[in-house]
Structure formats: structure tokens, C-alpha cells
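Work through the following exercises with the sequence and the three-dimensional structure side by side. Each task is followed by a solution that proceeds step by step.

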Amino acid sequence: MKAPSRPPATLRFFATAPKGLEPIAVEELRTLGAANVREQRGGAAFEGPLAAGYRACLWLRSANRVLMPLSRFEAPDDASLYAGIKRMPWEKDLSTDGTLAVDFTGTAAGITHTQYGAQRVKDAVVDRFRERVGRRPSVDRERPDILINCHLHRNVATVSLDLSGDSLHMRGYRTRGVAAPLKENLAAALLLKCNWPEIARQGGTFVDPLCGSGTLLIEAALIAGDTAPGLWRDHWGFSGWLRHDAAQWEALFKEAHQRKNTAQASMPVILGFDHDPQAVEAARNNIQAIGLGNHIQLQKVALQSNRLPPRLRPGLALTNPPYGERLGEADKLGPLYMTLGNWFKNQCLGWQAGVITSDPQLGKQLGIRARKLNSFYNGALECKLLQFSVEPQWFMGNRTAAQSQ
Ligand SMILES: C[S@@+](CC[C@H](N)C(=O)[O-])C[C@H]1O[C@@H](n2cnc3c(N)ncnc32)[C@H](O)[C@@H]1O
């Protein structure tokens, strides 16, 4: 077999993003300097040298995965999929003694289960090795040297290397969760949507009064601290890839560390509250795991008695109250939303605010008219992000509600 070759100078990539968040991934990629960024179903396509793919893995906050397409071919059935995969020069990417895993999506004639599709892809790769050198790579589902992503749509197979390995929402800080945590990439995307980077640049405060395990607090601190969300991950889809350029990766990693150290020297105030001691404890553990203990203040306090410290700079209050479907009981949520609306009016006058809810009707209980409403998915659950300016002209009904907290 030939020695591993360098990848071409310009490569195509695809960052997958949760439904509804594709435009945010597009915006992030443009900010990262990626070329030819285009929104597509399920994510964003972009181009650049290998370093652009590495940079996306390290820095993208909203995405799930970064794929590097290797081949696209007609695959109307099982046999043509197998043959197409077997034709690909896998020895450039994987050593005979290496390991692989396959993620498969889609269907074709004879392939009605994704598990079967994944197995056919794996068979084709290992059969190529076996026929050429008499030995074959093995399967490792946990930490393979390469993770092959095969997507079959309208009889066309797109075969990619998954550079991210594990989903990018797994930042490596979640030590313990609470009952209904927000996914890390979703939390980051909602902060970007609420203009937090700009508010933070101006020294505005961030508050989550129902912080649970602290996902919004941590992602807010990572954004304000110009900190790459991938800095704590210790495994990537390219870690065991034969064409991995370790020098490029090291340079990007070092640059990210320097940016973090510079930006974390002056951080805005970030405050989190929850009435559940276990949630506060989980948040504290997560915050410490990612070295943000000095930048985020936590307190166990119920919303009803939460008074913010005086003289905070106005900023962003973004929160994710319990969902009726998953935590507590839906009929208890109306009063909680009313309390939250009054809390915004009393404690956050002049701030921007955001509420993540599965039920926009509940949003009306806040008593503030939303400026913007966006839909997205938290797992399978369709949610809305309601965005507010906490200004009297947006308050609904009587003004005395604001004084009744
Ligand atoms: C859906 S969870 C928030 C999850 C969080 N975004 C995360 O990623 O972990 C809602 C949180 O609101 C808290 N909560 C509910 N009612 C509260 C109240 N009246 N005062 C303070 N916290 C409250 C719950 O304890 C729970 O941790």
C-alpha cells in the first residue's frame, strides 16, 4: 500500500446543525473565515484548507458535527453501495491495523435499516483491505481511528469522514446533569441569537435565574471569554486519521489557548440562580470542570425572593424555565411565568431578555410582548425562543403587575 498522502489544498466540509439553527452555524462559519459558506438542509456547507475543518471543530458553538465529504456516487441498492465504498482508496485514511466505525443515515433498495447500511459500508472497507493485504482494520464503536459517515438520499451516497468524532455538543464539562438540561450547542446558539457576544463586548451582565446545571452560564462565559468550546475535548474524529496534520492542529489549539487567556482576563459579570440545591451543586461541578469558577457566581435562591445586586450593568437575562412535558406539572407553570415576567420588570429594567419555552402560550403569562419568536428543537421537543426588550413600552396589561412581585 502507498504511504499516506496529504489532502488537497481546498476541501469541502459540511457542519451539521440542529433543525432551526442552520443560519447560526452559517454566521459562525463566516466569522471563522470559512470560504463559500452556504446554508443547506441540516447544516452548512463550506470550503477551505484542512485547517478550516479543524478550526470549525474547535470553534463552532452551534454545530453537532463537522463532516469532510470524500465521495458521492449513485447507490440505488445494496450492491452498488458496497461496490462504491470498496472502490474508495481507504488506505489513504486508515492503516490496516487501525479501527473504524460507521454512522449511516438514509435508505435504498435492500437497505431499510441504518444498522444494516452501516454494516455494508464497514464490510466494503474491510474487504478492500483483506483482498489487498490479507489483513483488515477492526471495528471500535467508542473511539475509532476514523468515523465514516454515509448518507444515502435519493439513490446517491455521500461518504464523509466525521472530523468531530463525538458530537460537538459534548464539550467535556458536564460532570452531572439535572433532569432537563439544554444541549450545550443549543444553549450557545440561543446566546448568539440573543446578541450576547455584542452585549458581552460592551461589558453587559449575564443572568440565568433558573440556571439548572448551568449550561447557559457556561456557554455565556465561553463566548464572553473568547474561549473555543472544543478546548476540553480529548478525542476527535481525526485523532487516528492517517492524513491528520498534527502541526496544524497544535497551532490552532495553541492560538485558542492564547485567545482564552487574553479574553478571560476581563470578563463581564455572570450570575446564576436556582432554588434546587442539587441543581446548584451540578452547576458548580460543571463550572469548575471547565475552569470558570472565578467567572461565574452561583447562588441557591428561589425566583420569588431573588434580588439582583445593585449597580449591575444592564445586559442579557436568558433562561429556560421547566417544560410542562418533562419537569413538574404544566398547570404550575403559569404562575412561575408570571413571577418571571415580574422579576424581569423589577430586576432587569432596560435589559434584553430571552425565554426558552415549549409552550408559547405560557410566554403570554410573562406580561411582556416578545420582540422576536424563533423555533428550534431541543432533542425531539419543538421549542420557541422568545426575545424581549424589558422596557415599559413592551409591557402588556396593567403596569401594577410589575409592582406586585
Ligand atoms: C429546565 S431546568 C433548566 C435547565 C438548565 N438550562 C440546564 O441546562 O441545566 C429549569 C430549572 O428551573 C429551576 N426552578 C424552577 N422553579 C424555580 C423557582 N421558583 N426558583 C428558582 N429556580 C426554579 C429548577 O430547579 C430547574 O433547575
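**Exercise 1.** Find the bridge partner of Ala15 in S4, and then establish in which sense S1 and S4 pair.

*Solution.* In this predicted model, Ala15 has Val66 as its bridge partner in S4. Turning from this residue pair to the strands, one finds that S1, residues 11–16, and S4, residues 65–74, are joined by 3 bridges and pair in the antiparallel sense. S4 also pairs with S8, residues 156–162, again in the antiparallel sense and over 7 bridges, and here Phe73 stands opposite Ala157 in S8.

**Exercise 2.** Place these strands in their sheet, and state which strands stand at the edges.

*Solution.* The sheet is open and has 8 strands, which follow one another in the order S2-S3-S1-S4-S8-S7-S5-S6 with mixed pairing. At the edges stand S2 (35–40) and S6 (138–139), and because each has a single partner strand, one side of each is left without a neighbour in the sheet. Further along the order, S5 (residues 99–106) and S7 (residues 146–153) run parallel and are joined by 7 bridges, with His151 in S7 as the bridge partner of Thr105. Helix H4, residues 114–133, packs on this sheet, where it touches S5, S6 and S7, and its direction makes about 140° with that of S5.

**Exercise 3.** Describe the sheet that contains S10 and S11, and identify the helices that lie across its strands.

*Solution.* Begin with the strand order, which is S11-S10-S9-S12-S13-S15-S14 in an open sheet of 7 strands with mixed pairing. The edge strands, each pairing on one side only, are S11 (297–300) and S14 (372–378), while the twist from one strand to the next averages 20°. Next, consider the pairing of S10, residues 270–274, with S11, which is parallel and extends over 4 bridges; Phe273 stands opposite Gln299 in S11. Finally, add the helices: H9, residues 277–289, lies across S10 and S11 and runs at about 165° to S11, whereas H5 lies across S12 (316–319), S13 (352–357), S14 and S15 (381–389), running at about 170° to S14.

**Exercise 4.** Work out how H5 is oriented relative to H7, and which residues bring the two helices into contact.

*Solution.* The axes of H5 (residues 184–193) and H7 (residues 215–224) come within 9 Å and cross at roughly 60°. H5 and H7 are therefore oblique to each other, and their crossing is right-handed. On the H5 side the contact is made by Glu184, Ala187, Ala188 and Leu191, which meet Thr215, Leu216, Glu219, Ala220 and Ile223 of H7. Sorted by class, the residues of this contact comprise 6 nonpolar, 1 polar and 2 charged.

**Exercise 5.** Assign the chain to its domains, and state how many residues of domain 1 and of domain 2 are in contact.

*Solution.* Domain 1 spans 11–162, and domain 2 consists of 184–225 together with 267–403. The centres of domain 1 and domain 2, taken over C-alpha atoms, are separated by 37 Å. Across the boundary, 9 residues of domain 1 are in contact with 10 residues of domain 2, and on the side of domain 1 that touches domain 2 the residues divide into 4 nonpolar, 3 polar and 2 charged.

Notes: Residues numbered from 1 in each chain as written. Predicted model: local features only at pLDDT ≥ 70, side-chain atom pairs only at ≥ 80, totals over all residues. Axes fitted to C-alpha atoms, helices over the stretch in contact; angles between N-to-C directions. Parallel < 35°, antiparallel > 145°, perpendicular 65-115°, else oblique. Left-handed = near helix turned anticlockwise from the far one by under 90°. Contact = placed C-beta atoms within 7 Å. Nonpolar A, V, L, I, M, F, W, Y, C, P; charged D, E, K, R; others polar. Domains from an automatic or database assignment. Pairing = 2+ DSSP bridges.
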